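The following exercises concern burial, ring contacts, enclosed space and backbone geometry. Please work through each task before reading its solution.

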Amino acid sequence: MSETRTDQGINEISSKSPNFRTDLAKKLEELVPEAIADGKVDVVKLKELLAEDAGEPNERFGLFWPGKKQALRAAQDPTTATLKPAKDESKDWDTTNNIFIEGDNLEVLKVLQKQYHNSIKMIYIDPPYNTGKDFVYPDNFKEGLQNYLEFSQQVDEGNKKISTNTETAGRYHSNWLNMMYPRLKLARNLLTDDGVIFISIDDNEQANLKKLCDEIFGETNFVTTIHVQLSTTQGMKVKAAQDGNIVKNAEYILCYSRSGHKNIAQEPLYDLRPGYDEHYNLFLREDGTIARLKDIYDYSFPKDLSNKVALSLSEAYNKSNEFAEIVRSDKVTGFDVSCDLKQGEWRQIERNGKRYILTLDSKNQVRQLLRLVDSWGKTDGYGSPEGLRKIRGDWWEGFYLDMGNVSKEGGVDFKNGKKPLRLIKQLTKISSKKDGVVLDFFSGSATTAHAVMQLNAEDGGNRKHIMVQLPEPTDEKSEAFKAGYKKISDIARERINRAGEKIKADFADKLAERETPLDVGYRTYKLADTNFTKWQSAPTGDLTELQARLDLMRESSNDNASEEDLLVEVLLKMGLPLTTRTKTVDVDGLHVHQVVTEGDSSEGQPVLYLNEHVKPTLEQLRTIITDLAPSKFVILDDAFQGDNQLKTNLAQTCKSYDVELWTV
């Protein structure tokens, strides 16, 4: 972000997000000053300096499509947009380090550029697959924020332009690439040096996405394409629909690193806890040994075993004579298991010299699940057997074992391409450190947020998540709409709420041992135009509206904006995170905001005065500087109410106390 500094030593906060075209030119000026002439890049000179390293413009290899230049400009053009706090739609606002943002992700990614540059450890996105009518985004590069405001009904609809991208569109693939290109360009800037991005996709755009990512992230930073097996049931449906064609039973996850970091699987792909793990088809004993399975059965018995009533063979669906013989010889179904067996618990029994496992399923029925043959010995400390190392293959199966349950995971029913919780948790586990930040800017029902919370509960981590979701309307015929969830973002927040409470209940004993409480909260923000009328830049041809804007510009801030709205925007423009804590302090009759750090420390932190209607005296301002001793003092320019002498005297006071003075 570019700021300006006056001769008086006063810094002026910029109204816009970083201008990447300008920043790139500055870097070129530092590297090759001879290629800069009259403040502009001399492209011909730059090509001469590069010599044989410069490619011929007519013989380039790459992906080209109509609108690519405009899409690039869409990523480079700065925005004056801000984020408005929505405390009433948040959870644990004062303590959480998680963020939920409702808005068009292109504008949101621009807003996040300064404070989260080089800060995100992992990005996972599940963008629209471009299957016909599966994405709805503002479709105008010049007025991105204005189109978003119209779409989200924050202003009158006017001339709303929305892209649904049908297959009959003349630029079917181009429209999708134009949507993805600027978002991925901006996303790359946010990754840490060892950060990675995972992108789910299917055959419709997989080839184009691969070329697009090669250009944005660099071919050398390509890690792998993970093939994720779909469910057999889904495959059967596809087969029937295709009338005998080859069944599609896999989708893809493209993985790229920020700077060549390839060794991302620091954690094993095994995810075992004591008990039978249906996903990996293994059984982990409480002593840390893992059993290899011989047979898997599925027999249902009544839950109430208190009377240990004999069970006739006709009451059990038996698949093997071996198990039938066990039932016949024991004459009871209890197998030494009392009626207080809880869901998910298991008991090991021995019959005829063979070991079996008994457990309670999700329908509260006792099931004889598997027969153990032998043990693989102790684990290697990560939950995988000794001698069987971490799985690093690119073929992942078993994540879609039950498609019906996937759509209902997290306690909300959402069928629009919802990914399995276990899949996203696995990606998070192998790529993020226990205290890293995870971003999903196509968050849908917030599976990624759920996965982060779940994984933190399991391994003691403190990962943070940032979710971004367009306030896309839900289908009026859907159960979610009938239940009162009018937007997909409403569903996402509800899922985070429900999942968080369930995780706290399921892991209560383990969470009690944590040094820091498990964070299941989130701060909600909503994309909006700037609160400062002098920064608003949306074009208008209406003379009445233009005059109204000129009248408003006599004051720096919008009268409809609360002081908290102004505070959030100024902190954003300063490059402070969205989880920044502040406290209000009254100093000599003035109401100011002070940034606080962990432990409620405010020593040396910025102080802000954001009331343009009350002109402070020099004595009051000096008291703020001396009593609070901030590193930076931020004040609305209009708070001086035209008194340049007051501004000059404040600048001298700040200079004498070694405090940076900033105006907005």
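Buried means under 20% relative accessible area, exposed over 50%, and partly exposed in between, with a 1.4 Å probe and protein chains only. The model is predicted, so local features need pLDDT of at least 70 and side-chain atom pairs count only at pLDDT 80 or more, while totals for chains, interfaces and linings use all residues. Residues are numbered from 1 along each chain as its sequence is written, and side-chain values use heavy atoms, with hydrogens and water left out.

**Exercise 1.** Classify C213 and C255 as buried or exposed, and state how many disulfides are counted.

Solution. Step 1: C213 has a relative accessibility of 0% and therefore counts as buried. Step 2: C255 is also at 0%, so it is buried. Step 3: a disulfide requires a pair of cysteine sulfur atoms within 2.5 Å; by this rule there are zero disulfides.

**Exercise 2.** Determine which residues the ring pairs link into a cluster.

Solution. Step 1: rings of Phe, Tyr and Trp (its six-membered ring) pair if their centres lie within 6.5 Å. Step 2: six aromatic pairs are found in the structure. Step 3: F217, F222 and Y256 are joined into a cluster by ring pairs.

**Exercise 3.** Describe the second largest cavity: what is its volume, and which residues line it?

Solution. Step 1: on a 1 Å grid over the protein atoms alone, a cavity is a set of points where a 1.4 Å probe fits but cannot get out, and lining residues have an atom within 4 Å of a point. Volume is the space filled by probe spheres set on the points, which are joined across faces, edges and corners. Step 2: three cavities of 30 Å³ or more are counted, and the second largest holds about 40 Å³. Step 3: its lining consists of Y129, S200, V228, E251, Y252, I253, Y400, K419 and L423.

**Exercise 4.** Compile the phi value and the accessibility class of D588 and of D658.

Solution. Step 1: D588, which is not a glycine, has a positive phi of about 50°. With a relative accessible area of 44%, D588 is partly exposed. Step 2: D658, likewise not a glycine, has a positive phi of about 60°. Its relative accessible area is 69%, so D658 is exposed.

Key: Rings of Phe, Tyr and Trp (its six-membered ring) pair if their centres lie within 6.5 Å; planes under 30 degrees apart count as stacked, over 60 as edge-to-face and the rest as tilted. On a 1 Å grid over the protein atoms alone, a cavity is a set of points where a 1.4 Å probe fits but cannot get out, and a pocket is an open set with protein on both sides within 12 Å along at least five of seven lines; lining residues have an atom within 4 Å of a point.
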